[in-house]
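Subject: Handover of a structure and notes on it

Dear colleague,

Please find below the structure that I am handing over to you. My notes on it follow directly after it.

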Amino acid sequence: MKNLSLVLLVATIAIIGCKPKSGVSVATGDAATKVYVAPGTYDEFYNVVSGGFSGQMAIYGIPSGRLFREIPVFSADPETGWGYTEETKGMLMTSHGFVPWDDLHHPALSTTNGVHDGRWAFGNANNTPRIARIDMKTFKTAEIIELPNSSGNHSSPFITENTEYTVAGTRFSSPPDYQGSNPDVSINSYKENFKGYISFVSVEKESGMMDVAFQLQIPPLNTDLARAGKGPSHDWFFFSCYNSEQAFTLLEVNASQKDKDFILAVNWKKAEEYAKAGKGSKKNVKYAHNYYDESKHTTISEIKNEVLVLDPKELKDVLYLIPCPKSPHGCDVDPTGQYIVGSGKLAALIPVFSFDKIQKAIDAKDFEAEYDGIPVLKYESVLHGEVQKPGLGPLHTEFDDKGNAYTSFFVSSEIVKWNVQSLQVLDRVPTYYSIGHLCVPGGPTAKPWGKYVIAYNKITKDRYLPTGPELTQSAQLYSIDGDKMELLLDFPTTGEPHYAEAIPAELVKGNSVKIFKIEENNHPYAAKGEKEAKVIREGNKVHVVMSSIRSHFVPDNIEGVKIGDEVYFHVTNLEQDWDVPHGFAVKGADNAEMLIMPGETATIKWVPNRVGVFPFYCTDFCSALHQEMQGYIRVSPAGSSVPLTYSTGKVTKEAAK
Amino acid sequence: MKNLIYGLMCLLAISGTVGCGSSETQSDTTTAIDAQHAGGQEAVVDDVSQKDIVKIAVGSADHTTLVAALKQAEYVDDISNAGPFTVFAPTNEAFAKVPKETLDDLMKDENRLALQNILEYHVAVGVYRQDYLNDGQTVGMANGQNVTIHLNGDKLMVNEVNVVATIPASNGLIYVVDGVLLPPAK
């Protein structure tokens, strides 16, 4: 053992003696001016970044890298009360009950004619499969729909050109949920009993409301990522998959055996026709659909029990398989809709497929084989060409407005710029370290905005001041204006960012809601003025209908609550002034505080477990007299005769003495 | 256990001749693209964590040729990254079996792609532990071609070369091999 230590020590000295180039020297002198956003001025882009295992989405400014907001989506958030208030608990309901956490990997910004329209951001839940829709007017989660027959919702929530559909593909194949739950079968029966599913979730044009329109049942592959066609390929959707080996143990080895896996080409327009013609079978399943009623400031949560499943083995012209080398991860469609880029994470090249050639091969039935009853196109017949020796571990590709592609390489830790037509590598820059996704503003759309590429790195190591074993996640901003990419900025990110999109601020900022109009508040327990404030007892339920305004609550003295009661504080923020939220917290609450936006009503449940007097207060610094914004609630023993009373500013004669 | 002891023996003598930094091997003819390929986790100062594959190789007197080749191929950064990798690491003796002229040619800048191809044929992305390998199994290597595993009892071979030691690293696994793996002609 001593010997080993000695050896390691000597080896270390040898390494420290080296002075390799570091990233510090890579940023050039004028980088600072390119990311400087003067105080009081705005960033050019919103960067909508997934939070990964935080379950949230975060909003940054580009080029400054400043964090503006974390939007609670799939994870309960005690800071805002999301998932804790009576109004928002329902948003996290699923067929499994209340699920307060998830893993959000990919945002997808809504588009019209393939171009960002600034209306919604969709996000996927990987673990308990769901899709969320965030309203870009309020930056709040407006809707969450669960996906039946699904496990590991990774290739999601990518959208069609006009946001007709958002999709979900199963990373984990599973036995189907028919009869409402997934059956008890041996894992060894994988090939027989496990299936993959691709869900097409329709998005209502005006309201954005989602519905699981139909599902395609596919062989038990692991679908990974997806992109819709655009322009000429508008009717198609492309999904990458790995594990064509159909392994169900030690996938690290067993799902890497074949030289090629597949890109699935789905004719969704055709599938839609079949669905409308009733060509599928309706299956009995169970999934939750939750949406936020902005006028009632409350979630409507419902359980649905039916889904339409189409079988591509029978509906022959719905699904085709394109062989793609070595466990493809990214599957990206260029702005013209003509080229589909498959990035095999273990591949030594990047194949680019031609949509025209795919169509010709399908028309000519130029198939090399069938895989589980699905036709497999010939690789050479549909190939536009290969980018040779691009780097190691290609993952994802985004596009600029000049016909170039930018591919991230995890293993060789770099971004490689190449030309989609010529397939020539034009430039490469290192990332610090081990990039995952990357983002060009508008990069996945028909109209990339260009200007920057942002790297979302998986390894941080020594890039920032260390903070113990757990480090911040790290993004890096590069200019792509010139021929050469130029590193401009490192900025830390919250959660574990996977994918991100960036959208011009001009398309979003003018629509931002400042207040909720109090006269439009239809919450059943709203106090639309202080005169409406009251306390109501219904059996052991005590409803405190409370108002808040700078700098007091009505009521702020409450008596007559007893052990065994459940108290509901329904707090309405009467302010009609931008950026004046009030907060509410009560001592001993075992859930959270809540933030109430101007004109909004929110409710926290409080079950006192001891006798006493408990203070409550405003948590969000609202005014010069914020510290005075407080109250008391008295809890008496069960069976006590203390009457239910409530007031603000009233003092008994005895107390006044 | 034998494998581990051998692996440690490989580490015992530290060569003082190991070069520092890929800049030394970059010639004037290096393209601008190559010049920008700078900075991987190789440069991270960390004497606490378990050693990665590159640090182990740099510390091994038996792998000076391999380390020099990795530098010439500009793969030091890559193999320092998160991986995980399985690297079949030919010893100096193994490289000595390759005709000297061939090796010298490969170390020339104009043949960097050919060198990269050979080195990539020694690297698989993924940890292929011996107890998860089967006789006759193929493993896809980083250059896009496959090697074949031969397993006879405890004796492990890859293509026609012997695995003589197994060294776990922070970012994967090193199999020390007694021959250089030559990618089959395509």
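I begin with a loop of chain A: S551(A) lies between the strands β35 (541-549) and β36 (552-554). Helices and strands here are DSSP runs numbered from the N terminus, with H or I over at least four residues for a helix and E over at least two for a strand. The peptide bond that leads from R550(A) into S551(A) is cis, and its omega is near 5°.

Before going further, please note that this is a predicted model, in which local features need pLDDT of at least 70 and side-chain atom pairs count only at pLDDT 80 or more, while totals for chains, interfaces and linings use all residues. Residues are numbered from 1 along each chain as its sequence is written, and chains are lettered from A and ligands numbered from 1 in the order in which they are written.

Other backbone features

A second cis peptide bond joins G83(B) and P84(B), with omega about 0°. P84(B) is placed in the loop between α5 (76-80) and β1 (85-90) of chain B. Such cases deserve a remark because most peptide bonds are trans and most residues other than glycine have a negative phi.

Positive phi values in residues other than glycine occur at K365(A), where phi is near 50°, and at N159(B), where phi is near 45°. K365(A) sits in the loop between α6 (355-363) and β22 (367-371) of chain A. K365(A) is exposed, since 8 other C-beta atoms lie within 10 Å. A residue counts as exposed with 12 or fewer other C-beta atoms within 10 Å of its own, as buried with 20 or more, and as partly exposed in between, the C-beta atoms being placed from the backbone. N159(B) belongs to the loop between β5 (155-158) and β6 (161-169) of chain B, and with 17 C-beta neighbours inside 10 Å it is partly exposed.

Chain A as a whole

Chain A contains eight helices and 44 strands. Its C-alpha trace spans about 95 × 65 × 60 Å along the principal axes. The radius of gyration of chain A is 28 Å, which agrees with the value near 26 Å for a compact globule of 657 residues; this radius is taken over C-alpha atoms, and the globule rule is 2.2 Å times the number of residues to the power 0.38. Of the 657 residues of chain A, 53% are buried. Among the contacts of chain A with a separation of 6 or more, 62% link residues 24 or more positions apart; two residues are in contact if their C-beta atoms, placed from the backbone, lie within 7 Å.

The domain assignment divides chain A into domain 1 (45-511) and domain 2 (527-656), with bounds that come from an automatic or database domain assignment. The C-alpha centres of the two domains are 44 Å apart. Eight residues of domain 1 of chain A are in contact with twelve residues of domain 2 of chain A. The side of domain 1 that touches domain 2 has two nonpolar, four polar and two charged residues. In this classing, Ala, Val, Leu, Ile, Met, Phe, Trp, Tyr, Cys and Pro are nonpolar, Asp, Glu, Lys and Arg are charged, and the others, Gly among them, are polar.

The core and helix α5(A)

The largest nonpolar core has 213 residues, and those with the most contacts inside it are F238(A), V266(A), I322(A), V453(A) and I454(A). Domain 1 (45-511) and domain 2 (527-656) of chain A both give residues to this core, so it lies between them. A nonpolar core is a set of buried Ala, Val, Leu, Ile, Met, Phe, Trp, Tyr and Cys residues joined through C-beta atoms within 7 Å. Beyond its neighbours within four places in sequence, I322(A) has contacts that include F262(A), F353(A) and L377(A).

In helix α5 (residues 268-276) of chain A, the residues W268(A), A271(A), Y274(A) and A275(A) are buried. They cover an arc of only 115° around the axis, which puts them on the same side of α5(A); the arc is that of the directions from the helix axis to the C-beta atoms. Among the elements that cover these buried residues are β14 (236-242) and β15 (260-267) of chain A. Just after α5(A), G278(A) has a positive phi of about 70°.

With kind regards
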